[in-house]
Amino acid sequence: MISKISEVNYYIKTNKFKKIAIIAGKKSFNKINGKKIIKEIIHNTKTDDVKYFFKTNDFPEIKELKKLISFFENFQPNLILAIGGGSVIDYAKIANIKNISDNLVKKIHGKLQIGKKKIAKMVAIPTTAGSGAEVTSGAVIYINKIKYSIDNEIIIPDKFFLLPKIIMKNKKNLKASSGFDAISQSIESIISVKSNNTSLLFARKSLNISLKNYLSFLKNPNFYNSSNMSIAAMLAGKAINISKTTAPHAVSYPFTSHFNISHGHAVSLTLEKFLKFNYENQKKSITNFNLDKRYEILFKIFGVKNINELNFKIKDLKYQANLIDNFKKLKIDINRYYPRILREINVKRLKNNPIELNKSDIKFILLNNYSDE
């Protein structure tokens, strides 16, 4: 599963790609010495035209997406190479849909179907170990700071390469946030109403790998733990591609769009709170599996005996990763902003939660330190 740059080069050579469009984030691209990597990727190939698009926004939003769509439509590449985190890969996945620009907003809202053809082959090279976007059929986009998503098999990248040396160079806070996203995705996948035996297999593998490598990856990154976190993120992506995520993800998006809290960090704000709520309301479970047994799986993976010990383990993990979950410390006046958060929750993700939630439940969870009771 772990790749070398020479393998990317071989893929381009054997497929004889002539025109390559590269999308990346400028800062992250410079940090990984992206131009040198691209030079190695296209070395001795017959590629004669390479063009770049650098995203500038922290999270994917429609204005920048329109620019990327126009870039692809004008250039007409036969390979799109997305080198970046989840936002970069999601941008490329959407913009690669043929004729997506026609009635774009209606397509994002799900009022019109997207096309069934791509502009070009797409290769994803993730520069973070977190989102698993390289293997998922979903892509996130924000319109007026509200999160929407496109879900369709057509947008899954044709190929992905995991290059651990790239993610080793990330700052600790980025690694902490993206790595926790993978952890949360696996946890949520295990109890999601859409979970099945295949997604459960991926989620368990991912979570076991993450918990053994996450903190060492943050504190003493090396090729071994970076490789393992890359694999864990990819496996988490495969898990949620089947099961989808649940309440912690559904509630996270307004925290990113309004308070500029990175995605994985935003998810961490409520993870154990919803875990406890779901556990204590198992009698109301809407799953077609035994929810209690799924929690037993989580207890075993984390090496704990009950929900309070599980939540303590998760809080300690966040503490060691310096992921602050106190709203006051994050300068978020939750009493003032919770109505906006409730309005902008992603309903699609909320429906995957094993217990049906209403707004009063979520308000209670947001306004009270529920996980510590």
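This passage looks at the nonpolar cores of the structure and at the aromatic rings found in it. The model is a predicted one.

A good place to start is the interior. In soluble globular proteins, nonpolar side chains tend to be buried together. Here, the largest nonpolar core comprises 58 residues, and Y214, F255, L275 and L366 are the members with the most contacts inside it. Y214 offers a helpful view of these surroundings. Once its neighbours within four places in sequence are set aside, Y214 is in contact with K175, A176, G179, F180, I183, M229, L317, A321 and L323. Another core lies apart from the largest one and has 33 residues; L68, F72, M122 and I143 are among them.

Aromatic rings come next, and the structure contains 15 aromatic pairs. One of them joins Y295 and F299, with ring centres 6.3 Å apart. The planes of these two rings meet at 55 degrees, so the pair counts as tilted rather than edge-to-face, a label that would need an angle over 60. Both residues belong to helix α14, which spans residues 291-302, and they are four residues apart, about one turn of the helix. Y295 and F299 are both buried. Elsewhere, F53, F71, F72 and F75 are linked by ring pairs into a cluster. F72 is thus a name to meet twice, as it also appears in the core of 33 residues.

Rings also take part in arrangements with charged side chains. The charged end of K147 sits over the ring of Y253, at 4.5 Å from the centre of that ring. Similarly, R294 lies over the face of F289, 3.8 Å from the ring centre.

Terms used:
Residues numbered from 1 in each chain as written. Predicted model: local features only at pLDDT ≥ 70, side-chain atom pairs only at ≥ 80, totals over all residues. Heavy atoms only, no water. Core = buried A, V, L, I, M, F, W, Y, C linked by side-chain atoms within 4.5 Å. Buried < 20%, exposed > 50% of the residue type's maximum accessible area, 1.4 Å probe, protein only. Contact = heavy atoms within 4.5 Å. Phe/Tyr/Trp six-rings, centres within 6.5 Å; stacked < 30°, edge-to-face > 60°. Helix = DSSP H or I, 4+ residues; strand = E, 2+ residues; numbered from the N terminus. Lys NZ or Arg CZ within 6 Å of the ring centre and 35° of its normal.
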